[in-house]
Amino acid sequence: MKNVLYKKIRKLIAKELDIAESEITPDTLFRQDLEMESIETYTLVYAVEKELGIKIPDEKVNGFETVRDACEFIVHACKSKDFHVSLHGETKRSKPNYKIAMNLTLKVWRQENAKAKGRFETYKVTDISPDSSFLEMMDILNEQLIRESKEAVAFEKGCRGPVAFDHDCREGICGMCSLYINGRAHGPDDEVTTCQLHMRKFKNDDVITVEPWRSRGFPVVKDLVVDRGAFDKILQVGGFISVNTGGVPDGNAIPIPKPKADESMDAAACVGCGACVATCKNSSAMLFVAARVSSLALLPQGKIEAARRAKAMVAKMDELGFGSCTNTQACEAECPKSISIAHIARLNREFLCAKLQD
Ligand code: SF4
Ligand code: FES
């Protein structure tokens, strides 16, 4: 008996009795082998009920002799709640649920380097918890690829080793985790980065397509990793304040109206992930540039260099091959930090004023 539910129950029993999971088999007797007292039995029942969201009547509990008896009843109870799972491990497609691990098919883009020809490769992953994050699922895939010695097979096909993908903070702060999942930047959830996307957003047996960002400005480095260095180059020409703003107390001494400060902070929430570029049909980086220009232009400290900043950053963006904004608003829809396109309007105003001053 090796299904997910059995493993879960075995884990709960081991935890409750403070024994090793290996001491428990489907034929283990609760009273004779585990010497369970009634208090332990009811604590365990409570833990199982809480974990699986089911109710186990007292008269049933008294009838359980072996771990198998308990598992069979629990499988039955789960099935009646649309938890489609059998004791033999197969899960069947049913309504999405939040308890049963999922089996998935992944179509992952593999590409050796920027110049190599890429292709999709298909992998199967099993027993994925709906509570794990998308990147944890990718970690599991990579562990599997290493374990199954896929390296030799991949080598013959031109790709080596586990799938390369970018990540750092895994908290939605750094903007590194840039993946196109099932045709959407950062996947099917709204206002989250890939690292904050959870597998509960998918269903058992789903086919998930994973691609890198597609843009001339973001060349593929390997597999799912792209070079977002173009954003750094844009920031280097203007995404900063070079005037001396003093120490922390001096900064706080300059009164800034609350709505302005809030708006500036909203724009400053941009993590530089590049989803706006990847989503835009023109590969425009306007939302990213606008967020930087706007967050600084709204503050007195940033106003001094506002004109120079807007001109320099827009010129760099054009030079690096990003397209123009045609107001499709796709960037705003897919931005994990909900940066508003109103900031693009501010960038356009800043840019126009700066050009008129020339
Ligand atoms: S504007 Fe949004 S989508 Fe674009 S880089 Fe910033 S956080 Fe990412
Ligand atoms: S890994 Fe840092 S935002 Fe996702």
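Colleague: Asp 223 caught my eye; which two strands flank the loop where this residue sits?
Modeller: Strands here are DSSP runs of E, at least two residues, and helices are runs of H or I, at least four, with both numbered from the N terminus. On that count, the loop with Asp 223 runs between β6 (220–222) and β7 (225–226).

Colleague: Before we go on, what kind of model is this?
Modeller: Residues are numbered from 1 along each chain as its sequence is written, while chains are lettered from A and ligands numbered from 1 in the order in which they are written. Local features need pLDDT of at least 70, side-chain atom pairs count only at pLDDT 80 or more, and totals for chains, interfaces and linings use all residues, since the model is predicted.

Colleague: Back to Asp 223, then: buried or exposed?
Modeller: Asp 223 isn't a glycine, yet has a positive phi of about 45°. For burial, we count other C-beta atoms (placed from the backbone) within 10 Å: 20 or more is buried, 12 or fewer exposed, in between partly exposed. Because Asp 223 has 24 of them, this residue is buried.

Colleague: And Glu 191, buried or exposed?
Modeller: Glu 191 is another non-glycine with a positive phi, about 60°. Its loop lies between β4 (184–185) and β5 (207–211). Because Glu 191 has 12 C-beta neighbours inside 10 Å, it counts as exposed.

Colleague: In β5, which residue is the bridge partner of Leu 106?
Modeller: Two strands pair if DSSP finds at least two bridges between them. β1 (residues 102–110) and β5 do that in the parallel sense, over four bridges. Within β5, the partner of Leu 106 is Ile 208.

Colleague: β3 and β5 pair as well; parallel or antiparallel?
Modeller: Ile 181 has Val 210 as its bridge partner in β5. Over two bridges, β3 (residues 180–181) and β5 pair in a sense that is antiparallel.

Colleague: Now ligand 1: which helix gives the most to its shell?
Modeller: There are 15 residues around ligand 1 (near means a C-beta atom, placed from the backbone, within 6 Å), and Cys 270, Cys 273, Ala 275, Cys 276 and Cys 335 come nearest. α10 (275–279) and α11 (286–297) each supply at least two shell residues. With three residues, the top contributor is α11.

Colleague: Which domains does the largest nonpolar core lie between?
Modeller: A nonpolar core is a set of buried Ala, Val, Leu, Ile, Met, Phe, Trp, Tyr and Cys residues joined through C-beta atoms within 7 Å. The largest has 65 residues, with Cys 276, Leu 287 and Phe 288 among those touching the most other members, and its largest share, nine residues, comes from α11. Domain bounds come from an automatic or database assignment. Both domains give residues to this core, so it lies between domain 2 (102–222) and domain 3 (228–357).

Colleague: How far apart in space are Lys 311 and Ala 354?
Modeller: Lys 311 is in helix α13 (residues 306–319) and is partly exposed, with 18 other C-beta atoms within 10 Å. Contact means C-beta atoms, placed from the backbone, within 7 Å; leaving aside neighbours within four places in sequence, Lys 311 has contacts with Phe 351 and Ala 354. Lys 311 and Ala 354 are 43 residues apart in sequence, and their C-alpha to C-alpha distance is 7.0 Å.

Technical notes:
Contact = placed C-beta atoms within 7 Å.
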